[in-house]
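Trainee: Could you walk me through reading some features of a structure, one at a time? I would like to begin with the cysteines.

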Amino acid sequence: MQLNTTYDILIIGAGPIGLACGLEAQQAGMSYLIVDKGCLVNSLYNYPLNMTFFSTADRLEIGGIPFACIHPKPNRSEAMEYYRRVADTRKLNIRLFEEVWGMEPEDDVYRVTTSKGRYLARNVVVAVGFYGKPNLLHVPGEDLAKVRHYYFDPHYYYRQKVLVVGANNSAADAALETWRRGADVTMVVRQPELGSIKYWTKPDLENRIKAGEIKCYFSSSLTGIREQEVDIQTPDGNITLENDFVLAMTGYQPDFSFLEQLGIALTPDANRHPQYDPDTMETNLPNVYLAGVICGGMNTHVWFIENSREHAVKIVQHIVKEAKAQEV
Ligand SMILES: Cc1cc2nc3c(=O)[nH]c(=O)nc-3n(C[C@H](O)[C@H](O)[C@H](O)COP(=O)(O)OP(=O)(O)OC[C@H]3O[C@@H](n4cnc5c(N)ncnc54)[C@H](O)[C@@H]3O)c2cc1C
């Protein structure tokens, strides 16, 4: 579609970090384009309706643009409002609902193919996050419509028998919120105790479990799902419970096949860590960079918005330095 333009940078992903890369490129006077397969900050849009960030607003800021927020920790709507205002204020060059399918090197540029066209770019930034691919349970019945890997609005589960699978933040939020909105909640946790949960949520959940208001099976696992019931293996034997919905809050993982299709090398171990230079964020492919939470591979608890904002600065600094070196 736009092969007559060769961008200095094409950024795949309009999440917080993709936007931060766009702001840095704009600041450096470069031509750039940000492309996203969904809406602006699509991952945040798919977060739970009442989700509150564990970061304070200042630690979610990008491009030095203040995030004014009444509460110390912003919620999902406030964060989306902020990133929309950033995109508007700086008139960022973004194309939404356009999926990047692949890219090919062509002379000293890349030809990037999307669901709506093709683009040429000297540099490509891959800032695709990991929220698009849930970690599956691999349990019979997981494909039933009642099984959800994304939790949104607690109201939906009023007077429903809900099984929450998981031990961390998302499971804790889903269990407490749905219970408070009238669901009959049972949790199944593989470990003998709850995982790393926000300090203001954990005591609340522990007290609900102690009071028997939320039933929790520790050191247990879900072994089967059917339309109206679930099977759980517990230390005291196998049990079957009546059930309406399963909220599988078991985390997410990068789309490794997409990275490999682009030609980005991954470590052969279980973590499948993408290969990049931590000083420049450049990958094994020349002029192709990684940015944001995608950088952790399967270790999705290393990078957050807070600490991956710096990737944008490193990338643009390196591209500027490289361009200057070529002028000499
Ligand atoms: C419930 C929850 C709470 C969190 N709380 C915090 C917090 O308090 N503080 C914090 O710092 N972090 C927090 N995080 C982590 C952080 O919000 C995210 O991981 C953040 O979204 C990372 O930004 P990103 O730009 O790297 O990736 P993402 O926001 O995931 O953006 C990636 C974008 O790439 C797009 N994309 C993917 N593939 C393609 C393709 N092929 N073509 C085009 N577009 C594509 C996606 O649509 C998406 O919009 C939280 C995460 C979750 C799930």
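Mentor: Gladly! Let's start with C21, which is buried, with a relative accessible area of 2%. Keep in mind that this is a predicted model.

Trainee: How many disulfides does a search of the whole structure find?

Mentor: The general idea is to look at pairs of cysteine sulfur atoms, which must lie within 2.5 Å to count as a disulfide. Here the search of the whole structure turns up zero. For C21, the closest cysteine sulfur belongs to C295 and is 9.4 Å away, so a bond is ruled out by distance.

Trainee: And what about C39: which cysteine has the closest sulfur?

Mentor: That is C21, but the two sulfurs are 18 Å apart, too far for a bond. C39 is buried as well, as its relative accessible area is 17% and the cut-off for buried is under 20%.

Trainee: Let's turn to the ligand. Which residues around the ligand are the closest?

Mentor: A shell like this gathers the residues with a heavy atom within 4 Å of the molecule. In this model 31 residues surround the ligand, and D36, S43, F54, S55 and I305 are the closest. By character, the shell splits into 18 nonpolar, eight polar and five charged residues.

Trainee: Which backbone atoms should I look at around the ligand's nitrogen and oxygen atoms?

Mentor: Try K37, where a backbone N or O atom lies 3.0 Å from a ligand nitrogen. On the oxygen side, a polar backbone atom of I305 is 2.9 Å from a ligand oxygen, and a backbone N or O atom of N42 is 3.5 Å from an oxygen atom of the ligand. Taken on its own, the ligand has 990 Å² of accessible area, and the protein covers 92% of that. The elements giving two or more residues to the shell are α1 (16-27), α2 (42-45) and α7 (305-308).

Trainee: Now the strands. In what order do the five strands of the open sheet run?

Mentor: To read a sheet, follow which strand pairs with which. This one goes β7-β14-β8-β9-β10, with parallel pairing. Its edges are β7 (147-148) and β10 (215-217), each of which pairs on one side only.

Trainee: Why is β8 described as largely enclosed?

Mentor: Because four of the five residues of β8 (residues 161-165) are buried. Five bridges join β8 to β9 (residues 184-188), and the two run parallel; V162 stands opposite V185 of β9. Moving on, three bridges link β9 to β10, also parallel, and V188 has Y217 in β10 as its bridge partner.

Conventions
Residues are numbered from 1 along each chain as its sequence is written. This is a predicted model: local features need pLDDT of at least 70, side-chain atom pairs count only at pLDDT 80 or more; totals for chains, interfaces and linings use all residues. Side-chain values use heavy atoms; hydrogens and water are left out. Buried means under 20% relative accessible area, exposed over 50%, partly exposed in between (1.4 Å probe, protein chains only). A polar contact is a pair of N or O atoms within 3.5 Å; within protein, one must be able to donate a hydrogen and the other to accept it, and residues adjacent in sequence count only if both atoms are side-chain atoms. Accessible areas come from the Shrake-Rupley method with a 1.4 Å probe; for residues, only the protein chains shown count as cover. Ala, Val, Leu, Ile, Met, Phe, Trp, Tyr, Cys and Pro count as nonpolar, Asp, Glu, Lys and Arg as charged, and the others, Gly among them, as polar. Two strands pair if DSSP finds at least two bridges between them.
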